[in-house]
Number of protein chains: 2
Amino acid sequence: MSIASDMIRGHTDTIILAHLMSGDSYGYKINRSISEKTGGQYELKEATLYTAFRRLEQLGFISSYWGDENTGARRRYYSITPAGVQEYHRMLGEWEQSQRLIQTLITS
Amino acid sequence: MSIASDMIRGHTDTIILAHLMSGDSYGYKINRSISEKTGGQYELKEATLYTAFRRLEQLGFISSYWGDENTGARRRYYSITPAGVQEYHRMLGEWEQSQRLIQTLITS
DNA sequence: AAAATATACCTTGACAGGCGAAGTATATGG
DNA sequence: CCATATACTTCGCCTGTCAAGGTATATTTT
C-alpha cells in the first residue's frame, strides 16, 4: 500500500458500499477487487475491512448471510440495504463537497 | 461546520502548511482564514489546531516565535521551514493521487 | 464600574477508526 | 504432508479529533 491511511479514512465505508452497489459480495473478494482497481496501490487491511462490515451492518446499511459453498472456505456474503443505498448517495455528495473544500484549503 | 471531520482528517497538516506558504501567521488567524475561505462550511477545532502545531513543530516542518504585540493578547507566530515546504509539496502530490484513487473506488 | 464579548492560547481525557499480530478452517498443488 | 491460497475473526495498540475546561488581555455594552 502506497497511500496514507488517513487519506482514505472516512472513505472505507463508502468504498465498501460502492462495491455492493454492483451486487452482493464477500470480504475477501471485495478486497481483491479494490487491489485490482487501484493497480495494487491500495488495499484495505483485513482488520479494517471486517470491522467496517460489523459497523455497517450495525447501522443497517448492509446485511449478511452465509454462502452455501460446498467446497472451499465458507464465505459471508453482504448485501446493501435500501438505507445503505441512500447512505451511499449521501456519502458521494459529501465527497464532492469535501473535495472542493480541501482543494480550496490546500492550494496556497 | 457542515462537513464530516473524517473527510478532512489527514489534511489538517497540509491545510496549515498551505496557509504558512503565504507567510507567517498565528493560530487564531489561520482558523479564521479557513472559516472565511470555506464560507463557514469548515473550521478546525482549537484543540485539533494546536495539537497539529505541536506535531508539525516536532517534525521540523514549522517553527514558532512569540509576537511582540504591545496590545491585546499575545500571539505565537509560526513559520514554515524548508523541510515543511518540501513536505507541503509531497502532501499535495499525495492528495492528487489519493483523489484519483478514491474517485475510482467510490463510483460504482 | 461591571459584565459581556472578542481575541488568543493551552491542556486533559475520552472516543473512533485503522491496523499489526495472531488464530481458525478448508482446499489444492507440489 | 507441507506450503500456499482462500476466507473469516478477535485483541490490543496507536493516532488524530474534539468536548470541556482553563488562563489572560482588550474592547464594547449595559
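**Exercise 1. Start at Arg9(A) and describe how the protein meets DNA strand C in this predicted model.**

*Solution.* Let's begin with a single atom pair: a polar side-chain atom of Arg9(A) sits 2.5 Å from a sugar or linking oxygen of DNA strand C. Next comes Thr12(A), where a side-chain N or O atom is 2.5 Å from a phosphate oxygen of the strand. Chain B takes part too: a polar side-chain atom of Glu46(B) lies 2.9 Å from a base nitrogen of DNA strand C.

Now place these contacts on the secondary structure. Two or more residues each come from α4 (46-58) of chain A and from α3 (27-37), α4 (46-58) and β3 (76-80) of chain B. Of these, α4(B) gives the most, with four residues.

Finally, look at the strand itself: of its atoms within 4 Å of the protein, 78% belong to sugar or phosphate, and the rest to bases.

**Exercise 2. Work out how chain B and chain A pack against each other.**

*Solution.* Take the extent of the interface to begin with: 34 residues of chain B contact 34 residues of chain A. Together the chains bury about 3,600 Å², 65% of it on carbon and sulfur atoms. On the chain B side, Met7(B), Leu105(B) and Ile106(B) lose the most area, together 22% of what that side buries.

Then turn to charges. The rule finds two salt bridges across the interface; one of them joins Arg9(B) to Asp6(A), with the closest N and O atoms 3.6 Å apart.

Last, ask which element of chain B gives the largest share of the side touching chain A. That is α5(B), with 13 residues. By class, this side has 16 nonpolar, 14 polar and four charged residues.

Definitions and conventions:
Residues are numbered from 1 along each chain as its sequence is written. Chains are lettered from A and ligands numbered from 1 in the order in which they are written. This is a predicted model: local features need pLDDT of at least 70, side-chain atom pairs count only at pLDDT 80 or more; totals for chains, interfaces and linings use all residues. Side-chain values use heavy atoms; hydrogens and water are left out. A residue is near a molecule or strand if one of its heavy atoms lies within 4 Å of it. A polar contact is a pair of N or O atoms within 3.5 Å; within protein, one must be able to donate a hydrogen and the other to accept it, and residues adjacent in sequence count only if both atoms are side-chain atoms. Contact means heavy atoms within 4.5 Å. Buried area is the accessible area (1.4 Å probe) that two parts lose on being put together, summed over both. A salt bridge is a side-chain nitrogen of Lys or Arg within 4 Å of a carboxyl oxygen of Asp or Glu. Ala, Val, Leu, Ile, Met, Phe, Trp, Tyr, Cys and Pro count as nonpolar, Asp, Glu, Lys and Arg as charged, and the others, Gly among them, as polar.
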